[in-house]
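Biologist: I'd love a close look at one part of this protein, namely the helix at the start of the chain and its surroundings. Could you walk me through it and then show me how it fits into the whole?

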Amino acid sequence: MPKTIQGRFSFLVIGKGLMGSAAARYLSAHSPDVALIGPDEPVDYARHDGVFSSHYDEGRITQRLARDMVWSQLAERAIGQYPLLEAASGLLFHTPCGVLTVTHAPGESRYVGQRGEIAAALKAAYEIYPDAAAIRQAHPLFQFTGQAQGSFEPAPAGYINPRTMIRAQLHLARQQGATIVNDEVIQLCRATDHVTVTTRNGQTYQAEKVLLAAGAFVNGYHLLTRPLVVRVKSETIILARLAAADIARLSQMPALIYEIPSPVLADIYLLPPIPYPDGHTYLKMGCNTASDQTLSDMEAMRHWMIQGDSDPHKAEMQAALSNLIPTLRPLSWQTKRCLVTYTAHGKPYIDQLDDHVFVAAGGNGTSAKSADTSGYLGAQLLLEQPWPAPFERATFQAVIRSED
Ligand SMILES: Cc1cc2nc3c(=O)[nH]c(=O)nc-3n(C[C@H](O)[C@H](O)[C@H](O)COP(=O)(O)OP(=O)(O)OC[C@H]3O[C@@H](n4cnc5c(N)ncnc54)[C@H](O)[C@@H]3O)c2cc1C
């Protein structure tokens, strides 16, 4: 028996994450019939048998002076939207506490190389600290030794709460008439003039155009006729639960990016004290570790998120944070797991894949800050609007996996 179609839409977004929720907001500003399908955050990971995301947290660093000019331009536009989003939704997700970046090897740094050029182009202010003593004078809380050099980007750099930002995007999309469905898409059937979308709950929807914004699960459920070239990596964070005295003492600290010299840790990022939904306040530090794994399929990703071992470098992560802030006296430590999705060229894929299917995915571990722009660019494609300057469409071209 043919299934009942639950809804027919001009535009349907798959994935209620940072990029998908932004795309739904932009699309619904132009069209009365937009749907967004994606699951809510699982309450109990162990009992969750579906997809996960990269945004289940309370803090993501944001800065205009990002890794290179493209990332900075993506961030620049997105950061410009934060006040509008906050005002229109009434939900505050942006804390402009500034970002300190420190490296021991400026020649190899991801951040130092083009910084002056980017700052000039964006008219963004920043301070330079030529050595550890200068960093210490400006930010006495932190302890850096040796050949450390640093820079500080003031507000609006700081951090965003990704969960609240998504809530803000969804609130506005809903207000603009978008239909938001808590479900997972498991099948796409292409017809001449539309796509039929089937969900895990057995519902079907039709749409003229579909935007796949499924993050790490962009190749999950084989929704695409040919998979995209992505590498999904396990990512570990450590949370230090703070006592009231540390919360007060650290309340003015900036976010930190630290290119740590270490045999097992790399690319540290540290957030100021943030209250979490469990009622406690934590310092969150994340980094790449020598035990990170490439997760080659959906089962590997799910296994990592549900029961992966995130403790192999817990001791080194604790030591790194304790060395950075020697006065820190956490009440407890815990590690958590996350997923990072790398694309072939290191920028998000924002592209048209066939007549009706489009993609906005591939955060490369750094897309929370700029997800609003990724959603905007994806929406522009579906709306057949001209590709907006200063972005080059080729920069975001999806790379399709070749036939084996
Ligand atoms: C630990 C960690 C720290 C990070 N720190 C920073 C930072 O400091 N600054 C920064 O800018 N970025 C940071 N990032 C990166 C940033 O969080 C990601 O780049 C961003 O979340 C990517 O957004 P997305 O919309 O592509 O994916 P997600 O936010 O993961 O959203 C994808 C959504 O798609 C849904 N989905 C998947 N499959 C389906 C399906 N079949 N049907 C329906 N829905 C589906 C998922 O449920 C999910 O909600 C960090 C990432 C991690 C893991």
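Modeller: Happy to. Let me begin with the whole chain, which here is a predicted model. Among contacts between residues at least 6 apart in sequence, 72% join residues at least 24 apart. The chain holds nine helices and 20 strands, and 47% of its 404 residues count as buried. Along its principal axes, the C-alpha trace spans about 70 × 45 × 45 Å. The radius of gyration is 21 Å, which agrees with the value near 22 Å that a compact globule with 404 residues would have.

Now to your helix, α1, which covers residues 18-30. Is α1 enclosed or open? Of its 13 residues, 11 are buried, so the helix is largely enclosed by the rest of the structure. The buried ones are Leu18, Met19, Gly20, Ser21, Ala22, Ala23, Ala24, Arg25, Tyr26, Leu27 and Ser28. An arginine, Arg25, is therefore among the buried residues, by the count of 20 or more other C-beta atoms within 10 Å.

What covers them? The cover over the buried residues of α1 includes four strands, β1 (5-14), β2 (34-37), β12 (204-212) and β20 (357-361), and two helices, α5 (162-175) and α9 (371-382).

One residue of α1 also has a prominent place in the nonpolar core. The largest such core has 117 residues, and Ala23 is one of the four that touch the most other members, along with Leu12, Val210 and Leu212. Domain 1 and domain 2 both give residues to this core, so it lies between them.

Val210 is a good place to see how the core is joined up. Leaving aside neighbours within four places in sequence, Val210 is in contact with Leu12 and Ile14, with Leu188, Val195 and Val197, and with His356, Val357 and Phe358. Strand β12 (204-212), one of the elements covering α1, spans the position of Val210.

The helix also takes part in the shell around the ligand. At least two residues of that shell come from each of α1, β3 (60-62), β13 (230-241) and β18 (332-343). The shell has 39 residues, and those that come nearest to the ligand are Gly15, Gly17, Gly215, Cys338 and Gly363. In character, the shell residues divide into 20 nonpolar, 14 polar and five charged. Both domains take part, with at least three shell residues drawn from each.

That brings us to the two domains themselves. Domain 1 is made of 5-56, 163-228 and 347-396, while domain 2 is made of 230-253 and 273-343. Their centres, taken over C-alpha atoms, are separated by 27 Å. Where they meet, 19 residues of domain 1 are in contact with 13 residues of domain 2. The side of domain 1 that touches domain 2 divides into 10 nonpolar residues, eight polar and one charged.

For contrast with the helix, look at Ala266, found in strand β15 (residues 265-270). Ala266 is partly exposed, with 15 other C-beta atoms within 10 Å. Beyond its neighbours within four places in sequence, Ala266 is in contact with Ile260, Cys287 and Asn288. Between Ala266 and Phe11 there are 40 Å in space, C-alpha to C-alpha, and they are 255 residues apart in sequence.

Finally, a few backbone details to check when you turn the model around. Two peptide bonds to proline are worth finding. The bond from Ala155 to Pro156 is cis, with omega near 10 degrees, and Pro156 lies in the loop between β7 (149-153) and β8 (158-160). The bond from Ala389 to Pro390 is also cis, with omega near 5 degrees, and Pro390 sits in the segment after α9, one of the helices that cover α1.

Two residues that are not glycines have a positive phi. Lys123 has a phi of about 55 degrees and lies in the loop between α3 (115-122) and β6 (127-129). Lys123 is exposed, with 8 other C-beta atoms within 10 Å. Tyr221, with a phi of about 60 degrees, is placed in the loop between β12 and β13. Tyr221 is partly exposed, with 18 other C-beta atoms within 10 Å.

Notes: Residues are numbered from 1 along each chain as its sequence is written. This is a predicted model: local features need pLDDT of at least 70, side-chain atom pairs count only at pLDDT 80 or more; totals for chains, interfaces and linings use all residues. A residue is near a molecule or strand if its C-beta atom, placed from the backbone, lies within 6 Å of it. Ala, Val, Leu, Ile, Met, Phe, Trp, Tyr, Cys and Pro count as nonpolar, Asp, Glu, Lys and Arg as charged, and the others, Gly among them, as polar. Domain bounds come from an automatic or database domain assignment. A nonpolar core is a set of buried Ala, Val, Leu, Ile, Met, Phe, Trp, Tyr and Cys residues joined through C-beta atoms within 7 Å. A residue is buried if 20 or more other C-beta atoms lie within 10 Å of its own, exposed if 12 or fewer, and partly exposed in between; C-beta atoms are placed from the backbone. Two residues are in contact if their C-beta atoms, placed from the backbone, lie within 7 Å. The radius of gyration is taken over C-alpha atoms; the globule rule is 2.2 Å times the number of residues to the power 0.38.
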